[in-house]
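Colleague: I should like to go through the terms used to describe this model and hear the grounds for each of them.

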Amino acid sequence: MTDARRLYQQIADQVRQLIVNGQYPPGSRLPAERELAQQLGVSRPSLREALIALEIDGTIEIRMGSGVYVLNAAKPSTAGRSLGESPTELMQARAVIESAVIVQATATMPEATLKTLRDILTAMRDEITQGRKPLEQDRQFHLVIAESVGNSVLHEIVASLFDERHSPMSDHMRGRFETPETWQFALSEHEAILAALEMKDPLAAQVAMHAHLMASSRRWVEN
């Protein structure tokens, strides 16, 4: 029978079983990510997501610059818990959909919408300068582009995928790996998207959108 659980849940249970079996008892440190990924035969981004799931349920603690430490060997499986979609798969889905949406948006985007996008990026820049995370401006930017296509289904899909970032998995990862520096990178990527829209160049807009979303994914799970 096919295992219908998300991949990170399956990997989390593999790590949990190693802990339960006594290979890594409470208080011990897990091997480095690269070594553990090779041991389990999985990718590092998928392992990173599994470790986040284990930290959420209290099995391990991720100490930046020190390693991953086992806290509790008796925590239950996450199979029945809703921690959210895989952040990696989520960003891949967004890259596919929003890269297609922006091609349709580019040729017909009116000046008023471009001005709205400029204003959003100004507000985003101000939030970053003030040391705050511009989550709402980020959301507005992507949804304004989707809305400009005039297809309510596409708009709802883009909104739904974006809002998945508030799931326990994505929210935990954002809390750990988003910094003022990563937001500066994101701002520059949004500016590149806007520049392509202003030139009414659909290919450049598509490339810029895809590059932004995949870079966002890497900042979450590959740093």
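Colleague: What makes Thr-129 exposed?

Modeller: This is a predicted model, and the classes rest on values computed from it. Thr-129 has a relative accessible area of 60%, and exposed means over 50%, so Thr-129 is called exposed. The residue lies in helix H5. Its C-alpha atom is separated by 8.7 Å from that of Pro-180, although the two are 51 residues apart along the chain.

Colleague: Why is Lys-200 called partly exposed?

Modeller: Lys-200 has a relative accessibility of 41%. The class of partly exposed residues runs between 20% and 50%, and Lys-200 therefore belongs to it. Lys-200 is placed in the loop between H9 and H10. Its phi is positive, about 55°, although the residue is not a glycine.

Colleague: Which residue with a positive phi follows H1?

Modeller: That residue is Gly-22, with phi near 90°.

Colleague: Why does Ala-215 count as buried?

Modeller: The relative accessibility of Ala-215 is 10%; buried means under 20%, so Ala-215 counts as buried. Ala-215 has its place in helix H10, residues 202-221. From Ala-215 to Trp-183 there are 32 residues in sequence and 11 Å in space, C-alpha to C-alpha.

Colleague: What class does Glu-61 fall into, and why?

Modeller: Glu-61 has a relative accessible area of 31%. That value lies between the limits of 20% and 50%, so Glu-61 is partly exposed. Glu-61 is found in strand E1, residues 60-63. The C-alpha atoms of Glu-61 and Val-20 are 16 Å apart, with these positions 41 residues apart along the chain.

Colleague: What share of the protein is buried?

Modeller: Buried residues account for 46% of the 223 residues. In H1 the buried residues include Tyr-8, Ile-11, Val-15, Leu-18 and Ile-19. Asp-13 and Arg-16 are also among the buried residues of H1.

Colleague: How do you know that the span of H1 agrees with its number of residues?

Modeller: H1 comprises 14 residues, 7-20, and at 1.5 Å a residue it should span 20 Å. The C-alpha atoms at its ends are 20 Å apart, so the two values agree.

Colleague: What is the overall make-up of the protein?

Modeller: The secondary structure consists of 10 helices and two strands. Along the sequence they follow the pattern α-α-α-β-β-α-α-α-α-α-α-α. The C-alpha trace spans about 65 × 45 × 25 Å along its principal axes.

Colleague: Why are H5 and H9 described as roughly antiparallel?

Modeller: H5, residues 111-129, packs against H9, residues 180-198, at an angle of about 165°. Angles over 145 degrees count as roughly antiparallel, and H5 and H9 are therefore described in that way. Their axes are 11 Å apart, and the crossing is left-handed.

Colleague: What makes H6 and H7 roughly antiparallel?

Modeller: The axes of H6, residues 135-148, and H7, residues 152-163, cross at roughly 160°. That angle is over the limit of 145 degrees, so H6 and H7 are roughly antiparallel to each other. Their axes come within 9 Å, and H6 passes H7 in a right-handed crossing.

Colleague: At what angle do the axes of H6 and H9 cross, and what is the arrangement called?

Modeller: The axes of H6 and H9 cross at roughly 25° and come within 12 Å. Angles under 35 degrees count as roughly parallel, so H6 is roughly parallel to H9. The crossing of H6 past H9 is left-handed.

Colleague: Where does the charged end of Arg-63 sit?

Modeller: It sits over the ring of Tyr-69, at 3.9 Å from the ring centre. The distance limit for a charge over a ring is 6 Å, and the 3.9 Å found for Arg-63 and Tyr-69 falls within it.

Colleague: How many aromatic pairs does a search of the whole structure find?

Modeller: The search finds zero aromatic pairs. To count as a pair, two rings must have their centres within 6.5 Å.

Methods. Residues numbered from 1 in each chain as written. Predicted model: local features only at pLDDT ≥ 70, side-chain atom pairs only at ≥ 80, totals over all residues. Heavy atoms only, no water. Phe/Tyr/Trp six-rings, centres within 6.5 Å; stacked < 30°, edge-to-face > 60°. Lys NZ or Arg CZ within 6 Å of the ring centre and 35° of its normal. Helix = DSSP H or I, 4+ residues; strand = E, 2+ residues; numbered from the N terminus. Expected span 1.5 Å × (residues − 1). Buried < 20%, exposed > 50% of the residue type's maximum accessible area, 1.4 Å probe, protein only. Axes fitted to C-alpha atoms, helices over the stretch in contact; angles between N-to-C directions. Parallel < 35°, antiparallel > 145°, perpendicular 65-115°, else oblique. Left-handed = near helix turned anticlockwise from the far one by under 90°.
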